[in-house]
Amino acid sequence: MTQIFPHRQFNDADQSKTWLLAQTKPNTEARAQHNLENQGFRVFAPKIRETRRIGGRFKDKLSLLFPGYIFVQVNPNSSPWRKINSTYGVSRLVSFTQNRPAIVPPALITNLRIRFSEGIDAPSESTLEPGDTVQLIRGPFAGFAAKVETVEAKNRIWLLLDLMGRETRVSADKSSLVLS
């Protein structure tokens with residue numbers, strides 16, 4: 001039986017820890033993340049929800065923002081960062097010199113964590129008003145811009161979409177919209 005350690009909570013503002021970028025072997029991001037977390041490293045792999053047409057139907061899928069790469073937080077003074085390279089699922093640490101891996105700026109990680117946290121793109125009902133311009137991020141109209149017509153209860157929003165020069169009224173869930 002494999003022992004799984006609980007996810008360790010590190011402080012993002014801790015200046016003693018640095019973020020590194022690890023390149024993973026093809027389609028092994030989840031395995032690499034699991035193995036690194038079992039070794040006590042904190043791992044961040046930002047994901048984005050995409051809408052794809054599969055077999056004539058639209059399906060939402062979580063995909064990695066940077067396929068083939070994950071961020072790993074280490075303490076360079078006490079964590080043996082070299083063992084990351086020999087972790088199952090990891091190909092190598094990204095580096096620009098032979099001796100040390102490249103350090104990812106902490107501000108970049110903080111901004112990515114803010115932007116790609118679960119539900120961060122969904123505007124609240126109080127922020128949406130008729131006349132606001134939004135962009136659909138899920139469903140058959142993903143990528144289209146629309147104007148808010150009305151905001152109803154239970155997260156339902158009525159939008160006006162410009163399709164082929166004609167305004168069309170469509171309904172959308174507020175979690176599938178971002179403010180433009």
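Two strands pair if DSSP finds at least two bridges between them. I also need to know what a strand is: strands (E, at least two residues) and helices (H or I, at least four) are DSSP runs, numbered from the N terminus.

**Ground rules**

I'm looking at a predicted model, where local features need pLDDT of at least 70, side-chain atom pairs count only at pLDDT 80 or more, and totals for chains, interfaces and linings use all residues. Residues are numbered from 1 along each chain as its sequence is written, and side-chain values use heavy atoms, with hydrogens and water left out.

**Entry 1: the sheet**

I started with β9 and β10 (residues 156-163), which pair in the antiparallel sense over five bridges. In that pairing I found Val 151 opposite Ile 157 of β10, and Thr 150 opposite Trp 158 of β10.

Next I looked at β10 and β11, an antiparallel pair with eight bridges. Here Trp 158 stands opposite Ser 171 in β11. The two strands make a hairpin with two residues between them, and Met 164 in the turn has a positive phi of about 55 degrees.

Then I went to the other side of β9. Three bridges join β9 to β8, and the two run antiparallel. I noted that Gln 135 has Ala 145 in β9 as its bridge partner. Strand β12 (residues 177-179) is also joined to β8 by three bridges, again antiparallel, and Leu 136 stands opposite Leu 177 there.

What is the order of the strands in the open sheet? I get β11-β10-β9-β8-β12, five strands with antiparallel pairing. The edge strands are β11 and β12, since each pairs on one side only. Neighbouring strands are turned by 45 degrees against each other on average, direction ignored. (For that angle, axes are lines fitted to C-alpha atoms, for helices over the stretch in contact, and angles run from 0 to 180 degrees between N-to-C directions.)

**Entry 2: two faces of β8**

Which side chains of β8 (residues 133-136) are buried? Val 134 and Leu 136 are, and they point to one face, while Thr 133 and Gln 135 point to the other and are not buried. My cut-offs: buried means under 20% relative accessible area, exposed over 50%, and partly exposed in between (1.4 Å probe, protein chains only).

**Entry 3: the salt bridge**

How many salt bridges does a search of the whole structure find? I get one. (A salt bridge is a side-chain nitrogen of Lys or Arg within 4 Å of a carboxyl oxygen of Asp or Glu.) The partners are Glu 149 and Arg 169, with their closest N and O atoms 2.4 Å apart. Glu 149 lies in β9 (residues 145-151) and Arg 169 in β11 (residues 166-173), so the pair ties together parts that are 20 residues apart in sequence. I checked accessibility too: Glu 149 is partly exposed at 29%, and Arg 169 is partly exposed at 45%.

Arg 169 turned up a second time, with its charged end over the ring of Trp 158, 4.0 Å from the centre. (That needs NZ of Lys or CZ of Arg within 6 Å of the ring centre and within 35 degrees of the ring normal.)

**Entry 4: rings**

Rings of Phe, Tyr and Trp (its six-membered ring) pair if their centres lie within 6.5 Å; planes under 30 degrees apart count as stacked, over 60 as edge-to-face and the rest as tilted. I counted three aromatic pairs by this rule. One of them is Phe 66 with Phe 71, edge-to-face, 6.0 Å centre to centre and 85 degrees between the planes. Phe 66 is partly exposed at 34%, whereas Phe 71 is buried at 6%. Another is Phe 141 with Phe 144, edge-to-face too, at 5.9 Å and 85 degrees. Phe 141 is partly exposed at 27%, and Phe 144 is partly exposed at 35%.

Phe 44 joins Phe 66 and Phe 71 in one aromatic cluster. I also found the charged end of Arg 113 over the ring of Phe 44, 5.8 Å from its centre.

**Entry 5: Asn 27**

Most residues other than glycine have a negative phi. Asn 27 has a positive one, near 60 degrees. I traced Asn 27 to the loop between β1 (18-24) and α1 (29-38). Its relative accessibility is 75%, so Asn 27 counts as exposed.
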